[in-house]
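Student: I've got this chain open next to my sequence window and I'd like to talk it through residue by residue. Can you take my questions one at a time?

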Amino acid sequence: MFGRRQSAAAAPAVAAPASKAPALQVPEPAAPRRPEPVAAPPAEQVRSEDYYRTKSMIFGALIEAIDLAQLARLDTETAREEIRDIVSEIIGLKNIVLSIAEQEELLDDICNDVLGYGPLEPLLARDDIADIMVNGANRTFIEVSGKIQHTNVRFRDNQQLMNICQRIVSQVGRRVDEASPICDARLPDGSRVNVIAPPLAIDGPALTIRKFKKDKLTLDQLVRFGAISPEGAEILKIIGKVRCNIVISGGTGSGKTTLLNCLTAFIEHDERVITCEDAAELQLQQPHVVRLETRPPNMEGQGQVTMRDLVKNCLRMRPERIIVGEVRGPEAFDLLQAMNTGHDGSMGTLHANSPRECLSRIESMITMGGFSLPARTLREMICGSVDVIIQATRLRDGSRRITHITEVLGMEGEVITTQDLFLYDILGEDANGKLIGRHRSTGVGRPRVWERARYYGEERALAAALDAAADQAGPAL
């Protein structure tokens, strides 16, 4: 045993701050708990309040009984077993009556509070959840199958939630407090985290986690899910192989990063790839990958490293491909320059609702960066840099679809010309409210990427894919 156990009567009724707990590796929960329905019966609500009051009392006694310095020296599993032993003894000393199931639930919750991410652990263990949204201590929502649901997950108070936020962001060398109330970070599995704390968040800290699936999606799986037709997927494979410069456009939660991960699977293993991200979440499997991440300013407001700094530095690192996790500002100019100066096959994502709007967004982001270039010069640079725009969309029924595969052709006067290779048409909806649609080829027989495909020996595969797409419109999904 590693700590001194005190009498239960001397234990405080309020839990000590969780931030004193050691920052150990997060253990894998044995069995995730299913969230309860939104509208719980009144009797269950009363029991829930009693449960949280009991848990707070036991947690306070636990903090008094253990030596945190000794706890930090133990591995996660040993520490978890020791905590369970002490909590079981505290329950016995205080004569708290709990069923076996309630006691196990309480033991897991307290271990998660001390060693992991507290009430978030069961949600993080579920692979069917895409987003976790915490709006203060008492309101937590999740997104499952494209739909947002309310859960019964809650925290003791806003201070516990803030402590967990601190624990998450400190793992990647960042901080969140009143002086720096906005923070982007990531979990060890690559899941993206955003925290906004008081005084900016009025009702308590707001924590948003974009979860990564344990099993990474592939392009073939996207075909099975109906996100793209088999013929369209073959076109995307060829586009990735022949080193086209690709911009993936879409709204929030439309699957841009997932699609970017799928396309990177077709990068050759002998290519040197450098990724630039605000929070590192890309999961490339190639052996020669350099991952870069931006850095916020320190407490004195110095030391910030922006996305533009990273992209500019990439050009000195002899990259063959540069992948920007998300283009949000003036780094668009440096990415276009990289695409136009021998770094073929570079990729990036940005927020836009259509391929045409994507081009306008690139132009406006460069302009906002303070570049005083004529509009025609900017558009010519875009045309010379971007080969293909892939549009991802989340439909109103929660499904995600690749709705456009669009080539950038060139200029006609002052306008950038494009041509669509693939489109997704919505045909209606079924009795369950699911949208029915179909991917179709626009019938382009010789796209602009043809010469590039010939250079890489992929013209026959491209011709076969285009022919198959022309013959098969794809099933309605």
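**Loops, charges and contacts**

Student: Where is the place of R243?
Tutor: R243 is in a loop, so name the elements on either side; helices (H or I, at least four residues) and strands (E, at least two) are DSSP runs, numbered from the N terminus. Keep in mind that this is a predicted model, in which local features need pLDDT of at least 70, side-chain atom pairs count only at pLDDT 80 or more, and totals for chains, interfaces and linings use all residues. Residues are numbered from 1 along each chain as its sequence is written, and side-chain values use heavy atoms, with hydrogens and water left out. With that numbering, R243 belongs to the loop between α8 and β7 (246–250).

Student: Is R243 buried or exposed?
Tutor: Buried means under 20% relative accessible area, exposed over 50%, and partly exposed in between (1.4 Å probe, protein chains only). The areas themselves come from the Shrake-Rupley method with a 1.4 Å probe, and for residues only the protein chains shown count as cover. R243 has 12% relative accessibility, so the verdict is buried.

Student: What is phi of R243?
Tutor: R243 is not a glycine, yet its phi is positive. The value is about 60 degrees.

Student: Is R318 buried or exposed?
Tutor: R318, in the loop between α10 (307–314) and β10 (321–324), also deserves a look at its backbone: phi is positive, near 50 degrees, in a residue other than glycine. Its relative accessibility is 59%, so R318 counts as exposed.

Student: Which residues does the cis peptide bond join?
Tutor: Go to the loop between β5 (192–196) and β6 (206–210), where you'll find P199. The omega of the cis bond is about 10 degrees, and its partners are P198 and P199.

Student: How many of the nine residues of α9 are buried?
Tutor: Helix α9 spans residues 256–264 and is mostly covered. Among its buried residues are K256, T257, N261 and C262. The count of buried residues is eight.

Student: How many salt bridges does the count come to?
Tutor: Side chains of opposite charge can pair when their charged atoms come close. The rule asks for a side-chain nitrogen of Lys or Arg within 4 Å of a carboxyl oxygen of Asp or Glu. E326 and R328 meet that way at 3.1 Å, N to O. By this rule, the count is 21.

Student: Is E326 buried or exposed?
Tutor: Its partner R328 is partly exposed, since its relative accessibility is 42%. E326 stands at 11%, so it counts as buried.

Student: Which residues are joined into one network by salt bridges that share partners?
Tutor: Before that, look at E451, partly exposed at 45%, whose side chain meets R446 at 3.4 Å and R454 at 4.0 Å, N to O in each salt bridge. R454 and E451 both lie in helix α14 (residues 450–455), three residues apart, about one turn of the helix. Elsewhere, shared partners tie together one network: E143, R394 and R400.

Student: Which residues gather in the patch of negative charge on the surface?
Tutor: Patches take residues with over 30% relative accessible area and no salt bridge, joining like charges within 9 Å and nonpolar side chains (Val, Leu, Ile, Met, Phe, Trp, Tyr) within 5 Å. Lys and Arg count as positive and Asp and Glu as negative, leaving out His and the chain ends, and a charge is placed at NZ of Lys, CZ of Arg, CG of Asp or CD of Glu. E81, in helix α3 (residues 76–93), is partly exposed because its relative accessible area is 43%. The patch consists of D75, E77, E81 and D85.

Student: How far does the backbone nitrogen of G232 lie from a polar atom of the side chain of S229?
Tutor: A polar contact is a pair of N or O atoms within 3.5 Å; within protein, one must be able to donate a hydrogen and the other to accept it, and residues adjacent in sequence count only if both atoms are side-chain atoms. S229 is in the loop between α7 (219–225) and α8 (230–241) and is buried at 6%. The separation is 3.1 Å.

Student: With which side chain does R126 make a polar contact?
Tutor: R126 sits in the loop between α5 (121–125) and β1 (129–135) and is buried at 14%. The polar contact is 2.9 Å, and the partner is D128.
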